[in-house]
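Me: Could you go through this structure with me? I'd like to hear the reasoning behind each label.

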Amino acid sequence: MEETQENFRERDVALEEIATRLSVRAERGRRFAELTSLRVGGAIDWVLSPNTEAQAAAVVHEMDQAGIGWRALGSGSNILADDSDHHYVVLSLKDLKGELEFDGDRVSVPAGYSLPRLCIEAGRQGLSGIEGLGGIPGTVGGALWMNAGAYGHEIGTVTETVRVARDGRVVAIPGSDVQWNYRHTSFREGELLLGATLRLKPDDPEKIRTRMEDAKSRRLATQPHGSRSAGCFFKNPPTSSVGTGKIIDELGMKGSRRGSAIVSPVHANFIVTEGEGARAEDALALAEEIRERVKNEHGIELEYEVELWRSSPKTKSDADETQAETDRKEQK
Ligand SMILES: Cc1cc2nc3c(=O)[nH]c(=O)nc-3n(C[C@H](O)[C@H](O)[C@H](O)COP(=O)(O)OP(=O)(O)OC[C@H]3O[C@@H](n4cnc5c(N)ncnc54)[C@H](O)[C@@H]3O)c2cc1C
């Protein structure tokens, strides 16, 4: 359905009513350039920021009932959002921080909690299994969504239960019901993750700290730091023993530039942006140039690890259609 100004006005009235009734902070005038680590991307119609799991579950239920399109956003560290206006609601989970609850070798954590902070706190408690993830600059929700991993650890491996929003309620599902693949899970578009309980292994806090420091040093030595990036732009190809960074490096593309976007001279699988008015368009053009060269010279189709967020309006039915398309492709 083509969205008209009248549709948007009706949506805005409905949304303001929902946000007020549920006491959820609702803002206009935010831009993806402020909310993502690449520091690019256009204006967002609305940003809603619930601060409890129950409030988040209720608000997405109400939006689904009213047919209002929304997307969940953590720290925005894995997203390249278009430069144009985004006519949907961004549900920011950054205020859903809450407190960690430790119980023996388990820890319960809300989706908006910082992943690096969780790793530090777990290590202090003498709980091992996520220390490799300490340098991933996102929320726990974002990490669960794509099964974040590094240095031999993946979050899915230690996830005992995930709390999700279902019909306005907080529901715990076993981690074993989720398919945890390489930077991909079976969570469906439109599923909101509210928190998780991780089951870790007791170990000496000092040993955990050393391993965490080791992972940090390796990261600092091999990746750009202090730059505006979204981490690795492409997944490693399943058919190649060589990582994507090395493939791009061997094409001599380190330092290649398109406007405000550059292939990092430190790690060729990182695209970094520069300047005040940096554009998603530049980063995407550079990424497509990389894909084309890798395709022509190695016959490999690089798959994006970063998520590309288009500016077109999204409704639940669009999301279901996208998922159906993905399922069809996966079955081929
Ligand atoms: C310097 C740097 C290094 C990185 N290194 C690594 C690495 O080593 N390993 C790795 O795996 N990743 C890495 N990343 C990528 C990124 O940090 C991770 O993917 C991280 O887990 C994303 O979390 P986020 O909160 O920023 O999610 P976002 O980028 O905000 O969102 C990512 C996806 O998760 C969804 N999402 C987020 N929260 C929720 C929720 N509560 N419910 C439902 N969906 C949700 C979003 O809708 C989106 O689809 C790196 C990024 C940077 C900038």
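**Around the ligand**

Reply: Happily! Sorted by class, the shell around the ligand holds 16 nonpolar, 13 polar and four charged residues. Please keep in mind that this is a predicted model.

Me: What makes a residue count as near the ligand, and which come nearest?

Reply: One of the residue's heavy atoms has to lie within 4 Å of the ligand. There are 33 residues around the ligand, and the nearest are Ala72, Ser77, Thr139, Gly149 and Glu307.

Me: Why is the pair between the ligand and the side chain of Ser77 called a polar contact?

Reply: A polar contact is a pair of N or O atoms within 3.5 Å. Here an oxygen atom of the ligand is 2.6 Å from an N or O atom in the Ser77 side chain, so the pair qualifies. Two backbone cases pass on the same cut-off: a ligand oxygen is 2.9 Å from a polar backbone atom of Asn78, and a ligand nitrogen is 2.8 Å from a polar backbone atom of Leu193. As for cover, the ligand on its own has 970 Å² of accessible area, and the protein covers 93% of that.

Me: Which elements give two or more residues to the shell around the ligand?

Reply: They are β3 (70–73), α5 (140–146), β9 (149–150) and β20 (307–309). The largest share comes from α5, with five residues.

**Two open sheets**

Me: Why are β6 and β12 said to stand at the edges?

Reply: The sheet is an open one of five antiparallel strands, in the order β6-β7-β15-β11-β12. Both β6 (101–103) and β12 (169–174) have a single partner strand, so one side of each lacks a neighbour in the sheet. From one strand to the next, the twist averages 20 degrees.

Me: How do you know that β6 and β7 pair?

Reply: Pairing needs at least two bridges between the strands. β6 and β7 (residues 106–110) have three, in the antiparallel sense, so they pair. Within this pair, Phe102 stands opposite Val107 of β7.

Me: What makes β17 and β18 a pair?

Reply: The count is two bridges, again antiparallel, and at least two are required, so β17 and β18 (residues 261–263) pair. Ala261 in β18 is the bridge partner of Arg258. These strands belong to an open, antiparallel sheet in the order β17-β18-β19, with β17 (257–258) and β19 (271–273) at the edges, each pairing on one side only.

Me: Which helix lies across β17, β18 and β19?

Reply: That is α8 (residues 280–298), which runs at about 30 degrees to β18.

Conventions: Residues are numbered from 1 along each chain as its sequence is written. This is a predicted model: local features need pLDDT of at least 70, side-chain atom pairs count only at pLDDT 80 or more; totals for chains, interfaces and linings use all residues. Side-chain values use heavy atoms; hydrogens and water are left out. Helices (H or I, at least four residues) and strands (E, at least two) are DSSP runs, numbered from the N terminus. Contact means heavy atoms within 4.5 Å. Axes are lines fitted to C-alpha atoms, for helices over the stretch in contact, and angles run from 0 to 180 degrees between N-to-C directions. A polar contact is a pair of N or O atoms within 3.5 Å; within protein, one must be able to donate a hydrogen and the other to accept it, and residues adjacent in sequence count only if both atoms are side-chain atoms. Accessible areas come from the Shrake-Rupley method with a 1.4 Å probe; for residues, only the protein chains shown count as cover. Ala, Val, Leu, Ile, Met, Phe, Trp, Tyr, Cys and Pro count as nonpolar, Asp, Glu, Lys and Arg as charged, and the others, Gly among them, as polar.
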